[in-house]
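These are my notebook entries on a structure I went through entry by entry. I began with a pocket and then turned to rings, charges and backbone angles.

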Amino acid sequence: MSDTQTLIENRPPSVAGLFLDRVAATPDAEAYRYPVPPAAGEGPDDWKSLTWAQTAERVYAIAAGLIELGVQPEQRVALASATRVEWILGDLGIMCAGAATTTVYPQTNTDESAFILSDSGSKVLIAEDVTQLAKVQEKRAELPELTHVVVIDPAGVESGEGVLTLAELEQRGAAYLEKNPDLIKERVGAITKDQLATLIYTSGTTGRPKGVRLPHDNWSYMAKAIAATGLVGADDVQYLWLPLAHVFGKVLTSGQIEVGHVTAVDGRVDKIIENLPAVQPTYMAAVPRIFEKVYNGVAAKARAGGAAKYKIFQWASGVAREYAKVTQDNFRRTGNASAPFALAAKHKVADALVFAKIREAFGGNLRACVSGSAALAPEIGFFFSGAGIHILEGYGLTESSAASFVNPGEAYRTGTVGKPLPGTEVRIADDGEILLRGPGIMEGYHGLPEKTAEVLESDGWFHTGDIGELSPDGYLRITDRKKDLIKTSGGKYIAPAEVEGQFKGVCPYVSNILVHGADRNFCTALIALDEPSILGWAKDNGLDGKSYAEVVAAPGTVALIEGYVKELNGGLQRWQTIKKFRLLPRDLDVEHGEITPSLKLKRPVVEREYKHLIDEMYAGSREA
């Protein structure tokens with residue numbers, strides 16, 4: 001048996017157990033960093049640290065406080081908060097109490113929050129602030145099982161019957177621990193691998209979300225498998241901003257506990273650019289939309305610098321992509337990421353002029369980024385690869401505890417999601433669907449045995465709903481969601497995500513794009529533009545001072561985007577080409593339910609919202 005197999009197969013039953021081991025092994029090492037805004041409200045944040053021992057003190061107090069409130073093993077405790085260090089402390093506290101975490105996005109509306117709390121049978125809610133508390137108070141009559149709400153940020157909160165602050169919970173827990181010093185060790189020691197650890201509700205595109213049941217063993221396996229990849233080490237500094245209510249963010253906390261590196265935690269997306277130089281991470285995970293925004297921002301900044309600067313940027317972009325493709329191909333064939341002398345010389349010049357500044361913006365120490373949750377446009381991936389920002393694409397679902405595939409370090413291949421994690425099996429069904437089996441696969445959907453049976457076979461194979469193909473040496477490429485494949489009225493199949501990804505690599509102004517064409521005789525697209533980028537262009541093109549809606553409606557903007565659509569079409573098969581498009585009057589967002597909190601497109605919602613624009617594009621065609 002290999003060392004990797006031994007590491008994974010001899011895993012403990014829970015991450016709570018791994019946490020106790022980590023605290024015992026490196027009590028004085030730094031575990032977390034978190035920002036504290038300045039008292040005056042002006043200036044940069046002050047970053048504070050917690051060692052593993054300090055983390056444990058708070059985690060055990062939270063666990064004991066929950067036990068004192070009557071929380072029993074496997075009972076659900078919900079967490080409704082943005083990503084912050086208290087989310088992690090709360091989650092670990094819940095697990096160390098032997099209970100299970102129900103995750104709730106802070107953006108979730110009142111009705112859906114109440115549904116999740118009710119469906120999960122959550123006994124306690126840890127809420128971020130008075131806004132999250134208000135949602136529950138409005139629906140309290142519909143939540144008879146909910147006995148207490150614990151509020152992280154006490155501003156504006158009145159403690160009373162059933163409501164207390166996190167500080168009060170920790171005080172009660174610390175006092176309870178004094179009387180019962182072995183309490184946490186006993187609770188953690190009693191956890192079995194099949195015991196429920198986490199209930200994550202999928203943000204489905206239609207109907208009510210389904211609760212995905214993830215036992216303790218899922219997270220223990222993930223922690224050991226991530227460590228076994230060798231992608232992260234004890235000296236790493238992770239910048240964690242992803243939503244922890246989402247499985248992608250959550251899995252990163254398990255890997256960190258096993259490896260023992262530092263994690264800087266701040267979920268404020270508008271602070272990413274400011275935080276990167278302060279944190280100077282060696283690795284971070286993100287969703288493709290973030291890389292697209294960075295790329296668009298860099299392009300817009302170059303354009304604002306004048307024609308000469310923009311021309312240099314365009315030249316450097318071409319060099320980056322060519323360099324990435326050549327070096328990745330050479331590494332695949334020879335194990336050496338080399339480039340011909342002329343290309344290497346051009347790359348050196350481009351690096352001095354453009355790429356070094358991009359790496360500096362990421363903090364200067366970044367070894368690699370992990371991208372997941374949706375497909376990264378290959379041309380954007382090649383750009384960053386050539387610029388020295390190595391994006392390792394990965395793949396997984398809520399139902400597979402997030403990390404099923406990841407690109408293997410130096411041997412990464414842009415456009416693929418890499419190889420399966422140690423211990424995970426994969427096969428491709430006759431219709432192209434990706435099937436997974438292994439210790440990361442969910443127990444099932446909460447209270448929905450018939451839905452579970454639809455996707456989980458008796459022998460453990462899980463139907464992902466994604467279409468993909470495996471290379472002879474085991475790299476997986478995702479082509480589309482099975483249910484999202486378009487079949488035109490001419491009988492041709494089209495993967496819209498593939499076309500959409502190519503457009504994002506061509507057009508530096510796009511924010512979101514939806515390709516439509518099912519049962520139609522040609523394809524169309526709804527396109528939302530990136531506001532800062534297009535307003536920057538507008539300033540230099542006679543539209544200064546106009547609103548976003550006015551800019552996208554202007555003939556010059558439509559002509560600009562039409563040029564990029566023609567460029568896209570030049571590289572597509574005839575039946576894939578976009579014959580018509582419409583620019584949307586605003587960008588798609590979470591608030592309108594058009595994208596999920598993890599920034600994935602909700603196609604049915606967008607198509608329903610903009611049905612009039614789709615109908616307009618097909619009006620007068622033979623099928624109208």
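**Entry 1: the second largest pocket**

I looked up the second largest pocket and found that about 820 Å³ of space lies in it. I note at the outset that the model is a predicted one. I then asked which residues lie nearest the centre of this pocket. The lining has 26 residues, and those nearest the centre are V294, G297, V298, K301 and A361.

Next I wanted to know which helices supply the lining. At least two residues each come from α11 (272-279), α12 (288-304), α13 (307-334), α14 (341-361) and α18 (531-539), and α12 has the largest share with 8 residues. Sorting the lining residues by character, I get 18 nonpolar, 2 polar and 6 charged.

**Entry 2: aromatic rings**

I counted the aromatic pairs and arrived at 14 in the structure. I picked out the pair F362 and F384, whose ring centres are 6.3 Å apart and whose planes stand at 90°, so I enter the pair as edge-to-face. Where do the two residues of this pair lie? F362 is in the loop between α14 and β13 (368-371), while F384 belongs to helix α15 (residues 378-386), so the pair ties together parts that are 22 residues apart in sequence.

I also checked whether the two are buried or exposed. F362 has a relative accessible area of 4% and is buried, and F384 is buried as well, at 0% relative accessibility. Both residues turn up again in one aromatic cluster, which is formed by F291, Y295, Y310, F313, F362, F383 and F384.

**Entry 3: charges over rings**

I then searched for charged side chains placed over aromatic rings, and I record two cases here. K210 lies over the face of Y445, 5.1 Å from the ring centre. The charged end of R413 sits over the ring of Y475, at 3.6 Å from its centre.

**Entry 4: salt bridges**

How many salt bridges does the structure have? The count comes to 36, and I followed up three of them.

The bridge between E30 and R33 has its closest N and O atoms 2.7 Å apart. E30 is partly exposed at 25% relative accessibility, and R33 is partly exposed too, with a relative accessible area of 22%.

For the second, I found the side chains of R268 and D45 meeting at 2.5 Å, N to O. R268 lies in the loop between β11 (262-265) and α11, and D45 in the loop between β1 (30-36) and β2 (46-51), so this bridge ties together parts that are 223 residues apart in sequence. I list R268 as partly exposed, at 29% relative accessibility, whereas D45 is buried, with a relative accessible area of 12%. I also see that D45 and R268 belong to a network of salt bridges that links them with D266, K271 and E274.

The third joins the side chains of E443 and R213, at 2.6 Å from N to O. E443 is placed in the loop between β18 (433-437) and β19 (444-445), and R213 in strand β9 (residues 211-215), so the parts tied together here are 230 residues apart in sequence. E443 counts as partly exposed at 41% relative accessibility, but R213, at 18%, falls under the 20% cut-off and therefore counts as buried.

**Entry 5: positive phi and an exposed proline**

I looked for residues that have a positive phi without being glycine, and I note two of them. E74, in the loop between α3 (52-68) and β3 (76-80), has a phi of about 70°, and at 31% relative accessibility E74 is partly exposed. Q280 has a positive phi of about 50° and is located in the loop between α11 and β12 (283-286); its relative accessibility of 39% makes Q280 partly exposed.

Finally I looked up P181, which is found in the loop between α7 (166-179) and α8 (183-189). Is P181 buried or exposed? At 61% relative accessibility P181 counts as exposed. I also took its separation from D45: the two are 136 residues apart in sequence and 37 Å apart in space, C-alpha to C-alpha.

Notes. Residues numbered from 1 in each chain as written. Predicted model: local features only at pLDDT ≥ 70, side-chain atom pairs only at ≥ 80, totals over all residues. Heavy atoms only, no water. 1 Å grid on protein atoms, 1.4 Å probe; cavity = no way out; pocket = protein on both sides within 12 Å on 5 of 7 lines; lining within 4 Å. Points joined across faces, edges and corners; volume = space filled by probe spheres on them. Helix = DSSP H or I, 4+ residues; strand = E, 2+ residues; numbered from the N terminus. Nonpolar A, V, L, I, M, F, W, Y, C, P; charged D, E, K, R; others polar. Phe/Tyr/Trp six-rings, centres within 6.5 Å; stacked < 30°, edge-to-face > 60°. Buried < 20%, exposed > 50% of the residue type's maximum accessible area, 1.4 Å probe, protein only. Lys NZ or Arg CZ within 6 Å of the ring centre and 35° of its normal. Salt bridge = Lys/Arg side-chain N within 4 Å of Asp/Glu carboxyl O.
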